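Subject: Structure handover

Hello,

Here is the structure I said I would pass on. My notes on what turned up in it follow below.

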Amino acid sequence: MSTHEKKYRLTRALGLGLGVALAAGAAIASPAQAEDLVLDPATHSVFGYVGIGTDYDDVSYDSEIYVGVQSSSDLVGDPVPSTTTSGDGQDFGEFELAGLADGDYTLELYAVDDSVSTDIATVDVTVQGDNAYVDEVVFLAPVPPLPSIDGASVTVAGVPLVGNTLTGSSTGWPAGTTLTYQWGYSAGQSGGAIDGATSSTLALTDDLNGYQLSFFVTGTLDGYSDTTVSTFMDKWVTQVKKPAADAPAANSGDLVTFLSSKGSTPTAADTVGLPSGGLNPEKDYTASVPWAEAADSYVDVYLYSTPTFLGTFPVIGGVVQIDLSASVLAALEGGSHTLVAVGQTSGGVQSVALTLTPMLASTGFDPVLPLGIAAVLLLLGAALLLLRRRTAQVGISR
């Protein structure tokens with residue numbers, strides 16, 4: 001074998017070995033390379049315009065438009081919100097439905113809103129290599145609203161007192177109507193549904209104290225829109241009146257300590273509708289004390305310096321009307337006093353600084369009266385003296 005033949009065979013062998021090695025390496029690397037090269041199918045969006053009505057002259061609604069898509073007569077996914085009509089004088093708004101692979105589809109468009117609902121409109125569209133556009137504005141035909149159910153009424157029986165149970169009832173519904181219930185509450189400036197109160201009865205618990213209640217009945221019947229009737233109770237939920245508690249302090253000194261512990265500073269008399277210049281013990285008064293403790297239906301009221309129990313008064317609409325009768329005031333000494341109200345449930349405290357005009361309440365003696373009488377007697381004495389002198393002068397002249 002010549003030197004040239006040996007060199008050729010060696011070169012060929014090396015070439016074959018390198019080819020086998022490269023082929024093996026390619027076989028090992030090919031799965032990873034193939035996985036890296038797999039691409040998701042391209043997806044595109046469908047754009048168009050949709051409005052409510054039959055043409056551009058119809059009234060537009062500020063409504064949510066929903067767009068669904070069908071493929072092979074099957075709905076792909078749930079309808080998704082796509083746009084809202086402008087509500088600024090235009091009759092339509094733009095919609096977009098994203099994430100569609102190439103293919104033929106049927107879009108479903110409809111509106112659902114508190115003010116209007118529509119029939120479903122269908123549009124055929126083909127997605128092929130790029131975003132698709134619906135050439136014509138799709139107008140949705142409004143569906144006439146169903147009639148309401150007439151003639152139903154609702155009532156509530158029971159006393160709104162904590163511990164009692166109220167019972168709601170409703171009549172006048174057509175046969176076959178399904179009824180659902182909901183109790184609500186109002187605190188004057190706020191209110192809402194009572195969680196879980198969806199039966200025809202309601203047990204009154206402490207957390208409902210101080211609220212006005214309402215009862216709603218909704219009737220559902222094929223061929224009619226859901227119809228709700230309701231009633232609002234004019235009385236507030238209250239608690240049972242308890243026996244009056246003992247006076248919160250034994251004397252004026254202890255009262256200062258008590259009020260401090262409750263964070264109560266006596267307010268001026270005129271802030272509760274009483275005269276700022278002092279109370280006349282011969283007159284009746286009423287103090288209107290604001291009460292913010294919703295837990296209280298009643299408050300116990302005392303008048304200091306020596307604690308005098310005035311009575312237990314109800315909280316009505318966030319105010320306690322406290323009667324201050326002349327018979328009570330006349331039994332007190334003139335000067336400074338403090339009105340103290342204590343909530344029967346919360347223990348909250350309100351206090352008012354009062355002043356009684358000078359009168360000895362124990363005897364009913366008014367020091368102004370003798371001064372007036374003395375003045376009259378003095379004038380009368382002067383008149384008698386003058387008359388006597390004139391009589392004497394007449395006698396002398398004679």
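The largest cavity is lined by Gln239, Val240, Lys242, Ser297, Tyr298, Gln344 and Thr345. Sorted by class, that lining consists of two nonpolar, four polar and one charged residues. The space inside the largest cavity is about 30 Å³, and the structure holds one cavity of 30 Å³ or more. Please keep in mind that this is a predicted model. As for the reasoning behind such a search, a probe the size of a water molecule is rolled over the atoms, and this shows where empty space is left.

The largest pocket holds about 310 Å³ of space. Its lining has 19 residues, and those nearest the centre of the pocket are Gly210, Trp236, Val315, Gly317 and Gly318. By class, the lining of the largest pocket is made up of eleven nonpolar, six polar and two charged residues. Which strand gives the largest share of that lining? The answer is β19, with three residues.

That strand deserves a closer look, together with its partners. Strand β19 covers residues 308-316 and pairs with strand β18, residues 298-304, in the antiparallel sense over six bridges. Tyr298, one of the residues lining the largest cavity, falls at the start of the β18 range, residues 298-304. Within this pairing, Val301 is set opposite Gly311 of β19. The two strands β18 and β19 make a hairpin, and three residues lie between them.

On its other pairing, β19 meets strand β20, residues 319-324, again in the antiparallel sense. Here the count is two bridges. Val315 has Val320 in β20 as its bridge partner, and Val315 is also among the residues nearest the centre of the largest pocket. β19 and β20 form a hairpin too, with two residues between the strands. In that hairpin Gly317 takes a positive phi near 60°, and Gly317 is another of the residues nearest the pocket centre.

Two single residues are worth setting side by side. Is Ile316, a residue of strand β19, buried or exposed? Its relative accessible area is 58%, and a residue counts as exposed over 50%, so Ile316 is exposed. The C-alpha atom of Ile316 lies 7.8 Å from that of Ser297, with the two positions 19 residues apart along the chain counted as their separation. Ser297 also appears in the lining of the largest cavity.

The other residue is Leu140, in strand β9, residues 138-140. Leu140 has a relative accessible area of 0%, and because buried means under 20%, Leu140 is buried. Leu140 and Ala121 are 19 residues apart in sequence, and their C-alpha atoms are 6.3 Å apart in space.

For the protein as a whole, there are four helices and 22 strands. It has 398 residues, of which 30% count as buried. The accessible surface comes to about 24000 Å², and carbon and sulfur atoms hold 56% of that surface. Among contacts with a separation of 6 or more, 64% are between residues 24 or more positions apart.

Regards

How values were computed
Residues numbered from 1 in each chain as written. Predicted model: local features only at pLDDT ≥ 70, side-chain atom pairs only at ≥ 80, totals over all residues. Heavy atoms only, no water. Pairing = 2+ DSSP bridges. Buried < 20%, exposed > 50% of the residue type's maximum accessible area, 1.4 Å probe, protein only. Contact = heavy atoms within 4.5 Å. Areas by Shrake-Rupley, 256 points an atom, 1.4 Å probe, with all protein chains shown as cover. 1 Å grid on protein atoms, 1.4 Å probe; cavity = no way out; pocket = protein on both sides within 12 Å on 5 of 7 lines; lining within 4 Å. Points joined across faces, edges and corners; volume = space filled by probe spheres on them. Nonpolar A, V, L, I, M, F, W, Y, C, P; charged D, E, K, R; others polar.
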